[in-house]
Amino acid sequence: MTDWIAQTGGRRENETRIVFDTPEAARQALEGPVMTPLAHLGMLDVTGEGAERFLQGQTSAQMSLVDGGFAPLGCFCTPKGRILANVQIWRVDTGHYRLLMHHELVDSLRQHLAKFAPFYKVELTDRQDLALIGLFGREAPAVAEALLGVTAPGPWHQAAHDAGQLLGHPGPTPRLLISVPEDQAGSLWSRLADKVTAVDSATWRLQDIQAGLAWLDASQGDTYLPQMLNWEALGGISFKKGCYTGQEVVARAHFRGQVKKRLMRAQLEGGQLPAPGSGIVDARDKRLGEVVSAELDAYGQAEILAVMSTREPAEPLSVDGQQLKLLKLPYPIERLDPEQLAGAL
């Protein structure tokens, strides 16, 4: 993606962070419309006549619901129920599904699934030839309709446009993810630039945090049960489907209430971004959990998602010397069946 991103006028700080000379980007993203390259995300295609059956036995998603309109969350787990990759799944065409995840996990998930793919006669393809653009802000749906000629889908739904796919994501403002062939991304960006302000890619990840949505990277695989990321509260686990790898452990944790750690949202009193894995400690310096993701908010303070113990902590809490204040998640910690979510627009 480096060529088309260079054409946008953005600068690549590292493999995943793209910056622009836009002042107060986080504030502008609350108004919008704004856009940014999503270099931290990648895609894996699963194609073949047996693709639906194959994925049904591997992921927590109910694949019969992935119908070209509903594009749910899901996850792939070890036999012990630990997440290898958490994903969004959508159907491109009959027998053709696409998985969105952190780009660091695409190859490892492909290698994992390749062990079973021949039995279902499916092919697995890392889609590095596709580009991802995040379009968000209050007027984002109107811009999508005007420039792409398609009604913007709601969260965890999809719509096709001439160049590719449009996906709805939750957040404090309407958020749309545009998937297009890389060789068309530059021209689409130019068309959008007439109406939309370019902002740092961190602003999209900040809204992920504010939506209570964590995307695991390579350092965090094989660590968490899906419920530790609140995946069932986001509609990412079907408890009505048949078996899939790790299903027994995931179901037992749900029905017996054995989840002792949960994804929580918090703000730090300071502008230092903690690295993923940084420990959260209580007043007695006891480790309660670790940071999953962190970004600076519109006021220059760090907001984080962290997997923490659900027990009442001994306050004050801190991360790397910065005091931590817990914030409310935008959803209740209770089961949301994807079967129910599929009909919501």
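This tour visits a stretch of paired strands and then the largest pocket of a predicted model.

**First stop: strand 11**

Begin by selecting residues 165-169, which form strand 11. The strand is mostly covered, with five of its five residues buried. Colour the two faces separately: Gln165, Leu167 and His169 lie on one side, while Leu166 and Gly168 lie on the other. Both faces are covered.

**Second stop: the partner before it**

Next, add residues 158-160, which make up strand 10. Strand 10 pairs with strand 11 in the antiparallel sense, over three bridges. To view this pairing, display glutamine 158, which stands opposite leucine 167 of strand 11. Four residues connect strand 10 to strand 11 in a hairpin; they may be shown as well.

**Third stop: the partner after it**

Now select residues 175-181, the extent of strand 12. Its pairing with strand 11 is also antiparallel, and here five bridges are found. Leucine 166 has isoleucine 178 of strand 12 as its bridge partner. A hairpin is formed here too, with five residues between strand 11 and strand 12.

**Fourth stop: the largest pocket**

Finally, turn to the largest pocket, whose volume is about 420 Å³. Select Arg205, Pro276, Val292, Ser293 and Glu295, which are the closest to its centre among the 22 lining residues. Then show helix 7 (202-210) and strand 16 (287-296), each of which supplies at least two residues of the lining. Strand 16 gives the largest share, four residues. Colouring the lining by residue class separates ten nonpolar, six polar and six charged residues.

Technical notes: Residues numbered from 1 in each chain as written. Predicted model: local features only at pLDDT ≥ 70, side-chain atom pairs only at ≥ 80, totals over all residues. Heavy atoms only, no water. 1 Å grid on protein atoms, 1.4 Å probe; cavity = no way out; pocket = protein on both sides within 12 Å on 5 of 7 lines; lining within 4 Å. Points joined across faces, edges and corners; volume = space filled by probe spheres on them. Nonpolar A, V, L, I, M, F, W, Y, C, P; charged D, E, K, R; others polar. Buried < 20%, exposed > 50% of the residue type's maximum accessible area, 1.4 Å probe, protein only. Pairing = 2+ DSSP bridges.
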